[in-house]
Amino acid sequence: MARRTLAEAPAPPEGGLPTQPESGLPALPDQVATLWFLIRRLAGAMDRQGEALFRRELGVSLAQFLVLSVVDAHPGPLSQQAVADRLGLTKGTVSRQIDAAVAAGLMTVATAEHTRREHALALTEAGTALVRRGDALFGDSHASLQAAIDPQTLPATARQLEALLHAVEA
């Protein structure tokens, strides 16, 4: 059977992708394309859920919370690029989030002692308290997902996703 590219896949009906009758999954050219599609959909859904949760409960964006979390986990000299790389965000997005966190009294920024190219980022008490509240919210909101995931296959799934990430980033 000849392999089709995504461009050669059947045109989707109005409102979405055609599905395979046996699985309900999108009718894409191969399993890798299907996996790509599902990962994109899952990541988008999780981002939207996190954005709504953190805006509603903490008054900050998901990106803001993630930047605060990285600073909480890695206090001291830390470049904006290092934060961006860890989160998969642009350096500009991280810079805006740091500026907003400083303005909101959640973080302090000082020039690092060993190099003027990096900053020493630190959370204020309010920033630390917000991260702790966010961590608890995150845990509570994902408890329902635990029931949908087979605990026996979760470690293997995480390893496979990590391997795919490394292959894509290579």
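How do the residues of the lining of the largest pocket divide into nonpolar, polar and charged? The count comes to 25 nonpolar, eight polar and seven charged. That split belongs to a predicted model, and the rest of this passage walks through the same model, starting with the overall layout and coming back to the pocket afterwards.

The chain holds six helices and three strands. Read from the N terminus on, its elements follow the order α-α-β-α-α-β-β-α-α. Of the 170 residues in the chain, 28% count as buried. As for how the chain meets itself, take the contacts with a separation of 6 or more: residues 24 or more positions apart account for 44% of them.

The strands come next. Strand 1 covers residues 76–78 and is joined to strand 3 by three bridges, with the two running antiparallel. Here Gly76 stands opposite Leu121 of strand 3. Strand 2, made up of residues 107–111, is also joined to strand 3, this time by five bridges, and this pair runs antiparallel as well. On that side, Thr111 has His119 of strand 3 as its bridge partner. Strand 3 thus takes part in both pairings. As a general point, side chains in a regular strand alternate between the two faces of the sheet.

Back to the pocket. The largest one has a volume of about 1,900 Å³. Its lining is made of 40 residues, and those nearest the centre are Ile39, Leu42, Ala43, Met46 and Leu161. Which elements each supply at least two residues of that lining? They are helix 1 (31–58), helix 2 (62–73), helix 3 (80–87), helix 5 (125–148) and helix 6 (154–169). Helix 1 has the largest share, with 15 residues.

Two residues of helix 1 give a feel for its surroundings. Arg48 is found in this helix and is exposed, with a relative accessible area of 56%. Its C-alpha lies 8.8 Å from that of Leu62, a residue 14 positions away in sequence. Gln49, also in helix 1, counts as partly exposed because its relative accessibility is 39%. The partner picked out for Gln49 is much further along the chain: Ser141 is 92 residues apart from it in sequence, yet the two C-alpha atoms are 9.1 Å apart in space.

The model also has a nonpolar core to look at. The largest such core has 23 residues, and the ones with the most contacts inside it are Leu58, Val60, Leu68, Val83, Met107, Leu121 and Leu130. Helix 1, helix 2, helix 3, helix 4 (91–103), strand 3 (119–123) and helix 5 each supply at least two residues of this core. Helix 2 gives the most, with six residues. In soluble globular proteins generally, nonpolar side chains tend to be buried together.

What does Val60 touch, leaving aside its neighbours within four places in sequence? Its contacts are Phe54, Arg55, Phe65, Leu106 and Leu130. One of these, Phe65, lies in helix 2. Phe65 counts as buried because its relative accessibility is 5%, and buried means under 20%. Not counting residues up to four places away in sequence, Phe65 touches Phe54, Leu58, Val60, Leu130, Val131, Gly134 and Asp135. Phe54, Val60 and Leu130 are among these partners, and Phe54 and Leu130 also appear in the contact list of Val60. Along the chain, Phe65 and Gly50 are 15 residues apart, and 9.7 Å separates their C-alpha atoms.

Finally, there is Gln97. Its place is in helix 4. Is Gln97 buried or exposed? Gln97 counts as buried, because its relative accessibility is 14%. Beyond its neighbours within four places in sequence, Gln97 is in contact with Ser61, Ala63, Gln64 and Val67.

How values were computed:
Residues are numbered from 1 along each chain as its sequence is written. This is a predicted model: local features need pLDDT of at least 70, side-chain atom pairs count only at pLDDT 80 or more; totals for chains, interfaces and linings use all residues. Side-chain values use heavy atoms; hydrogens and water are left out. On a 1 Å grid over the protein atoms alone, a cavity is a set of points where a 1.4 Å probe fits but cannot get out, and a pocket is an open set with protein on both sides within 12 Å along at least five of seven lines; lining residues have an atom within 4 Å of a point. Grid points are joined across faces, edges and corners, and a volume is the space filled by probe spheres set on the points. Helices (H or I, at least four residues) and strands (E, at least two) are DSSP runs, numbered from the N terminus. Ala, Val, Leu, Ile, Met, Phe, Trp, Tyr, Cys and Pro count as nonpolar, Asp, Glu, Lys and Arg as charged, and the others, Gly among them, as polar. A nonpolar core is a set of buried Ala, Val, Leu, Ile, Met, Phe, Trp, Tyr and Cys residues joined through side-chain atoms within 4.5 Å. Buried means under 20% relative accessible area, exposed over 50%, partly exposed in between (1.4 Å probe, protein chains only). Contact means heavy atoms within 4.5 Å. Two strands pair if DSSP finds at least two bridges between them.
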